[in-house]
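Trainee: I have a model open and would like to go through it with you. Could we take it step by step?

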Amino acid sequence: MANFRMPESFVTPEEGKGDPMPVLKTSVKPTPARVTGIGFFDRWHNQTGVTPNVFELQTVLKIEWM
C-alpha cells in the first residue's frame, strides 16, 4: 500500500456510514463540451446515475471543448 493518504474522494465509507457510493470531488472548473457518440435508450435495471429517460451514450467518439 502507498505511503500517503488517499484523497477523500477516493475513500469508500464504512458500511452503513456516508453515501452508498463515493462522490467524485474535483477542483477542475466545469468546461462546456460537445460530446459525439453512439446513443441508445436502455431499460431501467437499478443502475446509479441514470437519466430520467434512461438514455446512455456509449461509445464516445469525439469530445470538442468549447
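Mentor: We shall go from the overall fold to individual residues. Please keep in mind that this is a predicted model.

Trainee: Fine. How many helices and strands does the protein chain have?

Mentor: The protein chain has zero helices and two strands. Strand 1 covers 33-41 and strand 2 covers 55-65.

Trainee: And what share of the residues counts as buried?

Mentor: Of the 66 residues in the protein chain, 6% count as buried. The accessible surface comes to about 6400 Å², and carbon and sulfur atoms account for 59% of that surface.

Trainee: What about contacts between residues far apart in sequence, 24 or more positions?

Mentor: Taking the contacts with a separation of 6 or more, 36% are between residues 24 or more positions apart. One pair at long sequence separation is Arg34 and Trp65, which are 31 residues apart along the chain. Their C-alpha atoms are separated by 6.6 Å.

Trainee: Let's stay with Arg34. Where is it, and which residues does it touch beyond its sequence neighbours?

Mentor: Arg34 is in strand 1. Leaving aside neighbours within four places in sequence, Arg34 is in contact with Lys62, Ile63, Glu64 and Met66.

Trainee: Which of the side chains meets Arg34 in a salt bridge?

Mentor: That is Glu64, with an N to O distance of 3.6 Å. Since Arg34 belongs to strand 1 and Glu64 to strand 2, the pair ties together parts that are 30 residues apart in sequence.

Trainee: Why can such side chains pair at all?

Mentor: Side chains of opposite charge can pair when their charged atoms come close.

Trainee: How many salt bridges are there in total?

Mentor: The count comes to two. Besides the one just described, Lys62 forms a salt bridge with Glu64, where the closest N and O atoms are 3.9 Å apart. Arg34, Lys62 and Glu64 are thus linked in a network of salt bridges.

Trainee: How accessible are Arg34, Lys62 and Glu64?

Mentor: Arg34 counts as partly exposed at 43% relative accessibility. Lys62 is partly exposed at 43%, and Glu64 is partly exposed at 27%.

Trainee: Changing topic: which residues form the nonpolar patch on the surface?

Mentor: The nonpolar patch is formed by Val35, Phe41, Phe55, Leu57, Val60, Ile63 and Trp65. Together these residues have about 700 Å² of accessible area. Strand 1 and strand 2 are the elements that give two or more residues to the patch.

Trainee: Which strand gives the most?

Mentor: Strand 2 does, with five residues.

Trainee: Take Leu57, then. Is it buried or exposed?

Mentor: Leu57 falls in between: it is partly exposed, with a relative accessible area of 37%. Leu57 lies in strand 2.

Trainee: And Glu56, which also has a charge to account for. What is the nearest side chain of opposite charge?

Mentor: The nearest is Arg43, and it is 9.4 Å away. Glu56 is buried yet has no salt bridge. A salt bridge requires the nitrogen and oxygen to be within 4 Å.

Trainee: What polar contact does the side chain of Glu56 make?

Mentor: The side chain of Glu56 makes a polar contact with the side chain of Gln58, at 2.8 Å. Glu56 itself lies in strand 2.

Trainee: Which residues does Glu56 touch, again ignoring those up to four places away?

Mentor: Glu56 touches Ile38, Gly39, Phe40, Asp42 and Gln47.

Trainee: Gln47 is new to me. Where is it found, and is it buried or exposed?

Mentor: Gln47 is found in the loop between strand 1 and strand 2. It is buried, with a relative accessible area of 17%. The side chain of Gln47 reaches the backbone nitrogen of His45 at 2.8 Å. Not counting residues up to four places away in sequence, Gln47 touches Asp42, Val54 and Glu56.

Trainee: One last residue: where is Trp44, and what does it touch?

Mentor: Trp44 is also placed in the loop between strand 1 and strand 2. With residues up to four places away not counted, Trp44 touches Val50 and Val54. Trp44 and Val54 are ten residues apart in sequence, and their C-alpha atoms are 6.6 Å apart in space.

Methods
Residues are numbered from 1 along each chain as its sequence is written. This is a predicted model: local features need pLDDT of at least 70, side-chain atom pairs count only at pLDDT 80 or more; totals for chains, interfaces and linings use all residues. Side-chain values use heavy atoms; hydrogens and water are left out. Patches are made of residues with over 30% relative accessible area and no salt bridge: like charges are joined within 9 Å, nonpolar side chains (Val, Leu, Ile, Met, Phe, Trp, Tyr) within 5 Å. Accessible areas come from the Shrake-Rupley method with a 1.4 Å probe; for residues, only the protein chains shown count as cover. Helices (H or I, at least four residues) and strands (E, at least two) are DSSP runs, numbered from the N terminus. Buried means under 20% relative accessible area, exposed over 50%, partly exposed in between (1.4 Å probe, protein chains only). Lys and Arg count as positive and Asp and Glu as negative; His and the chain ends are not counted. A polar contact is a pair of N or O atoms within 3.5 Å; within protein, one must be able to donate a hydrogen and the other to accept it, and residues adjacent in sequence count only if both atoms are side-chain atoms. Contact means heavy atoms within 4.5 Å.
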